[in-house]
Amino acid sequence: MAGLELLSDQGYRLDGRKATELRKLQARMGVFTQADGSAYLEQGNTKALAVVYGPHEMRGSRSRTLHDRAVINCQYSMATFSTAERKRRPHGDRKSTEMSLHLKQTFEAAVMTQLYPRSQIDIYVKILQSDGGNYSVCVNAATLAVIDAGIPMRDYVCACTVGFVDETPLADLCYAEESGGVSSLALALLPRGGQIALLQMDARLHQDHLETLIEAAMTACKGVSKVLDEVVRQHLQEASVLTGE
Amino acid sequence: MKLCVPGDKLCSSEDCIPGTGVYLRHGYIYSSLAGYVLRKNEGEELPVISVVRETETQLLPDVGAIVTCKVTSINPRFAKVHILYVGSTPLKDRFRGTIRKEDVRATEKDKVETYKSFRPGDIVLAKVISLGDVQSNYLLTTAENELGVVVAHSEAGAQMVPISWCEMQCPLTHSKEFRKVARVQPEYLQA
Amino acid sequence: MTNSPCPHPDNKPFSGQPEKEKTWGGKRFRAGPVAWVIYFNMPTDTKRVRGPEVSQSPSLFSCDPAAVLPSKGPRADGRRRDQVDVRPVFVRCGLVSQAKGSAYLEAGNTKLMCCVYGPRETDRKDETDMKCGRLTTDMRFAPFSCPERGSWIQGSQDKDFSLMLHESLQPAICLHKYPRSQIEVSVMVLENSGSVLAHAVTCASLALADAGIEMYDLVLGCSMRQDGTSYVVDPSYMEENGCSSVSCENQGGLTVAFLPSLNQISGLQSDGDMTEETLTAGVRTCIEGCYKLYPVIQRALTKAVRKAAPSQSES
Amino acid sequence: MARVQVSEAEKVYILHGIRDDLRVDGRGCEDYRHMEIETDVVSNTDGSAKVTLGHTAVLVGVKAEIGKPRPTVPTEGYLEFFVDCSANATPEFEGRGGEELGTELSNTLYKVFNNKRSIDLKSLCICAGEHCWVLYVDVLLLQCDGNLYDAISVAIKAALFNTKIPKVHISSDDEGGKEIELSDDPYDCMRLNVENVPCIVTLCKVGHRHVVDATLQEKACSVASLIISVTHKGTITCMRKVGGGSLDPESIFEMTEAGKRVGKALHAPLMKLLEQEESLGKKRQKVYTCFPGLPLVSPQPPREESGAK
Amino acid sequence: MAADMRLPTIRKTVSLSASAFDRKDLVVPGDVITSDTGFMRGHGTYVDDDKLTASVAGEVQRVDKLICVRPLKTRFNGEVGDVVVGRITEVQQKRWKVETNSRLDSVLLLSSVNLPGGELRRRSAEDELTMREYLQEGDLISAEVQSVFMDGALSLHTRSLKYGKLGQGVLVQLSPSLIKRQKTHFHNLPCGASIILGNNGFVWLYPTPGQQEEEAGGFYTSLEPVSLSDREVISRLRNCLLALAAHKVLLYDTSVLYCYESSLQHQVKDILKPEVMEEIVMLTHQKLLEQEG
C-alpha cells in the first residue's frame, strides 16, 4: 500500500475527487414505521441505517435512571457482510464498543436531554456497507433519525473525517485513503454555533498542522450540514403537505 | 394400592371430584403425577380422587398458606424474609418474601415500626396474602394473633421468652426487646 | 474485486498464525505435537490448556469417507428394516440423589441421563412470570460421546437440541401450577449412538415425573430415517450419519415427541428431502414407535414410586 | 422474537376472525401480505437481496470465500448461515438479546439446507479435499412484524439467485504445489442453480384453524406453529414444530398438506420476479435499501467526479 | 392462497397542491424563529443568545405570544383532559402502569378507577391485592389524562362511564400528531363500527355496542363472537387508517369516513397495496376539499 499515491500531482485523489470535495451524500428519513425515528444515509459507498427508539421509560436496570435528564443509549454495529472480508460478529468487539461510546458522547452534546428526565433514548446505528468514515456516516445518519423522532436538538450534529497528506487536508476519507496510512481526524460539529461535539485523532500529526486540519474538518462538516438541511426540509415538506390545515 | 403415571385416565368426572395431583379433561379425570391413587369420602356425595406420592409433592407458597420464615433484613418500610416451610413441609429451594409495614399487625397500622417488630434472624410465622408482582416477592402478613415472631434471640445470644404480644425478654440479661409476638397454636409447635 | 483472495506471498508453514481459510499451500498433514509449537507464540487463553485448533480423528484418514450403507437386508445390529423395530430400552429413575428427580436411559449404545431441579425462584427478575412457571432445558454432549471428540462448551448444535427438548416438554408440564418459579431440566449425553433427541425427550419426561412435577402426560420420543423406499426406526449413529447408496430421492430423518395418552404431538423435526406422503407415513411410524416404548416407561416409573414408598398404607 | 402484548378480548376477536376466514387486516387464512423483493443491494457482497413482507424487513448478503472442504465430503463446498437480530429491529435485541433468536433461526436454516438437492454443493468444489467455495449467507433483520422464517427464506433464495461467484483457474507449478487464480472479469462468473432452493412456509395454529404469514398479534394467539420448507416440486426439506403448545397428529397432516400447497405456489411468482429484475439489468432504477419504496433524497447536483464507484 | 410479490418502485406521497411546498412555517433544528424578545418559548424551541430557536423539525404554531414547533412525528405529549387509549404493562401496589406512547409510562391509580359496587366505595386492602382481577397485563383501556407529574409522566383516570376496559376490537398505533383535536374522540361511525381516536395516536376500532348496557365499572367484556359483517367494516376501517397515516392525512371522523367510502370499490385486503392506497387517499383528499370549499 505504501506505493499508493493518495493525492496526484494534479491534485486529484484516488477516486477522482478534489482535496476538499465530499463524497456524494444521499439520505432518506422515516424509512421504518415501527421505530420512533429512522434514517438511511449513503455517503459514497458507505451506507448506514440509524434507528431511534424513545424517549421511553428506562428499560432493564432502573439504577441507570438519571433524575434530571434522559439517558442516551447507543449501539453501533456492522452487518457481517459490510466489509470486504466477512466479519464474524456484528457487534460486541472492542472497536464497536468504542464507537458506541463516541456516538453516545456526541449525541449527549446535542440532544436536549434535560427535557426528558428519567427517560431513555436509544440510538442504534448499523453499517450496511463500509467504505471509510464509518463514524461520520453514523453520526450523520443518527442526526436525521433523531430529527425524525421529533426529539429536540440544539442543532444538527454533522461529522466528517479529514486526513492530512502532502501538507494538504483531504475531506471525507474513503476506505482506501483511511487505510493508506493517512493521519486522520474525525470531528463532529454543531455547525451553527460552531461548537465541537467530538474530536478524535489517534495518529501522529505535527502540532502546527492541527489547526489547519480542524479548520478543514469544520468546513467539511458545514458542507455536510447543508446537505442534511436540505434532506430534512424536503422531508418536512413532503410529509406535511396534507397535515397542514 | 393402585399406582399410576402422568396421563393415566383414572375415572369419569361423574364418579369423583378431582383432588390434588389430577386434572380434568373432556369430562375425565387424569393423573398428573406418578404415585398412588387415593379415593376419599369426605361426606360429599362423590369421593375425592387424588394422586399422592410418598414424598410430599413440591409445594409452592400459595395465597392463604401459613409459612415459616426467617427474617434476613429490615428497613423502615418492610422486612425481607426467606420462606423455609409451607405448613409443615420444608422447602427444598429458597423463596423470598416481604412483610410490608402495613401488614405487620391488624390494628394501628400507621404506628407500626418494623424495627420494633422483627430483627434479622427471627423465625416468623406468616400468611401469604399475594404472590406479589414482577418486582416484589411473595407478600406476607403477620396481622393475626397467631402470626408473628416465634423464635428470637437477644443481643446476648439467648433465646428469648415472650412476655406480651409485643415484647420478649432475654432469660440471661432480663432485658426486654420489642417484637410482634405470635400466640403459638399447639398445632404449629412442632414446625 | 472486493474479496479476491490472493496467494499469501510468504506462506511459511508456521508463521505464528493458525492456518486460516484463505492461506494456500500444498497438501499437508500435521501431526499433533508439531502443531502445538505454534500455539506457544500466540496470546494464549491462560485458563485452560488448549489443544490445537485443527486436529482430526484418525478414523477419517483410515477409512473411506462417508461409508456407503446398504439399503437392503437386515441392519447392522440385526434389527429389521421397514418395521417399527426399536432398540430395547433400559430405564431407571432416581440416579442422582442431589437432584429433585433424575433418570438414566440406555437404548442400544445410546446412553444418557437427565436431572431435574426446582421448582425454585427464578434467577432473573425480568423473566418472572406471574401466571406461569418457566421451564429451562439444557442438553449437552459429553466430549467423548461421539466418535469425534466434542467440546465442553455448548455449541450451536447443542443449543438447538436444548430448544427442541424445551418445545417437546413444555406442552406436557402443568406450568400454571408453578407461578413465579422455574424448573430446570438438564440432559447429558454419555454416548451417542443415534436417535439422541428422541431418547432425551423420553428420559427427561421420566425425570420430571420422578421429581413429582405435575404433568398432563408423559412425553415419548422416537426417530426414524427414510432412505429411498425403505426406512429404519430408531436409527443408530452410523445409520443417521452414513451416506446412502441409492439416489437422493426421498431421504431424510424425522424425530417426533408424542404425548401418548392425550394423542398430541409436542415436538416434530425433520430434515432431508421427503415427499409429503413419506413424511406423513413417517410421523405415523414414529407414533407407533412411541407406543412400543410406553409400557417400558410406565413400568420404570411405577417401580420407582414403589421403591420410594414400598408399603404405602391407607392414610 | 419481538413480543407484543395482546389482551384476552383482542385474542378472542382474532380467534373468531380466523375461524370465519377474515383476519384483522382483511386477509383470508392462506393469504400473504404484500411482498417486495429487490436484489443486488449491497455491493460488498457477491449476492444480496432485501425482502419486505408487511413491516417485516430482512436483508441477506451472500459472500463466497475459499475454504477447505469438510473431511467427510471432500468433493463438496458448503454453506454457512448467520442471522443477525440487530437492535434496529427492536430494542429487545440490544447487546446479546438477539442471540438466542439468531441461533434458533440459523439452526433451522442449516436443517432446511441439509440435503443434497437444494444447492448443488459439488459445483462449489474447486479442488477436491483442498479447496472449495464456502458461501456465507448472512441474514440481517431490519424490522420484525411476524413471519420471519418465510421472509428470510425468500430473501435467501433471491440472494442466492443473485450470487455471482468468480471463476477460478487452477494451475500447478513444478513442485506439485497448486495455485489458484481468480478471474478478474466480473462477467466471468458462476451462477448458482436456485431452482431447488426451498421456501419456508410457517403455519400458525390459531384456534382450530391455521394461518400463513401470521402477524405478531396473531402469533401471540397461537399455541404452536409448524415450519415447513418446500421446494418447487413440493418435496419437504425440513419440518419443525415451534412454540409452546402441542398439536394433534391429524392437524399436523392437514397443515403439512396446506404448507406444501402454499409453499409450492410461492416459487413460480418468485422466480418470475427474479428473472424479470435480472432482465431489466442496469436499466432498473435502484431503490436500494431505502424502504417503503420511496426515493432517496440527494439534493446535491451530481458532481462530475464523485463517488468511489 | 394469494401471494403478491413485486419489485419495489419509487413512489411519492400524494400531493395535490404544489403551493404547499415552500411553506415558510416549516423549520429545522437550529433555525432562528424570531429574535424579538416579546415572544414566549413553547415546546420545540429554546433561547440562544436572546434568539428564539427551533429544536425540532416541524411547523411553527403561534398562539398569542407563545411560539411552539410541532414536530411531524413524536411521542405523545399529554395534557390534562386528553383522551388516551393505553395498554396495561404492569400491576403494582395501588396502581397500574400504562403504555400510552408517552416518554414515560403513564400511571392509573387504584383510586382513579370506578370499582364495581358504586363510585363512592372506599378502597380496601383487599382491592389492592385483587387489582389484577380488574385489569391485568396486556389489557387495553380508554382513559383521560387527569394530571401530569413533575417528570412528565401522565396520571390517568377512568372515572366516567365512557372510559374503562376495552373489549373486542382492533388497535391501530399511529403517530399522535396525526390525530386531530376535537370535542369528542368517541365516534359511532355510520358505516357500522365505532372508533376511539386517542390523542396519543392509539386508535381503537370496535363494533358499535347494540344497546347501552353499562356494566358495573366497565370491567366486564363480552366475549361473544362479532358478526362477520361488523368484522369486515372494522378491518376495512383499520386498513383505511393505515393508508391515511402512510400519506400523513390528519385523522378525524370525517376523513376516516371519506376514506372508508373511497375504499369500497376495493377488497379489504387490497387496500394496503401501495397503488390502491395512493388512489384511495387521493379520492379522500378530493372529498375533503370539496366539503371545505
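## A strand pair across two chains

Strand 11 (residues 264-273) of chain C and strand 14 of chain D run antiparallel and are joined by two bridges. Strands here are DSSP runs of E, at least two residues long, and helices are runs of H or I, at least four long, both numbered from the N terminus. Two strands pair if DSSP finds at least two bridges between them. In this pair, Gln269(C) stands opposite Arg240(D).

This is a predicted model: local features need pLDDT of at least 70, side-chain atom pairs count only at pLDDT 80 or more, and totals for chains, interfaces and linings use all residues. Residues are numbered from 1 along each chain as its sequence is written, while chains are lettered from A and ligands numbered from 1 in written order.

## The shared sheet

Eight strands form an open, antiparallel sheet. Their order is 8(C)-7(C)-10(C)-11(C)-14(D)-13(D)-11(D)-12(D). Strand 8 (230-233) of chain C and strand 12 (209-212) of chain D are the edges, each pairing on one side only. Neighbouring strands are turned by 20 degrees against each other on average, direction ignored. Axes are lines fitted to C-alpha atoms, for helices over the stretch in contact; angles run from 0 to 180 degrees between N-to-C directions.

Two helices of chain D pack on this sheet. Helix 2 touches strand 11 of chain C plus strands 11 (199-206), 13 (224-230) and 14 of chain D, and its direction makes about 150 degrees with that of strand 14 of chain D. Helix 5 touches strand 11 of chain C plus strands 11, 12, 13 and 14 of chain D, at about 40 degrees to strand 13 of chain D.

## The C-D contact

In all, 49 residues of chain D are in contact with 44 residues of chain C; contact means C-beta atoms, placed from the backbone, within 7 Å. On the chain D side, strand 14 gives the most, with seven residues. Other elements supplying at least two residues include strand 3 (56-67), helix 2 (99-112) and helix 5 (249-280) of chain D.

## The annotated domain of chain D

UniProt (unreviewed entry) places "domain: Exoribonuclease phosphorolytic" at residues 32-166 and 196-261 of chain D. Such annotations may be inferred rather than shown by experiment; positions follow the numbering used here, and feature names are shortened. Residues 32-166 of chain D are 21% helix and 38% strand, with end C-alpha atoms 36 Å apart. Residues 196-261 of chain D are 29% helix and 39% strand, with ends 16 Å apart by C-alpha.

## Chain B

Chain B has zero helices and 16 strands. Its C-alpha atoms fill a box of roughly 65 × 35 × 30 Å along the principal axes.
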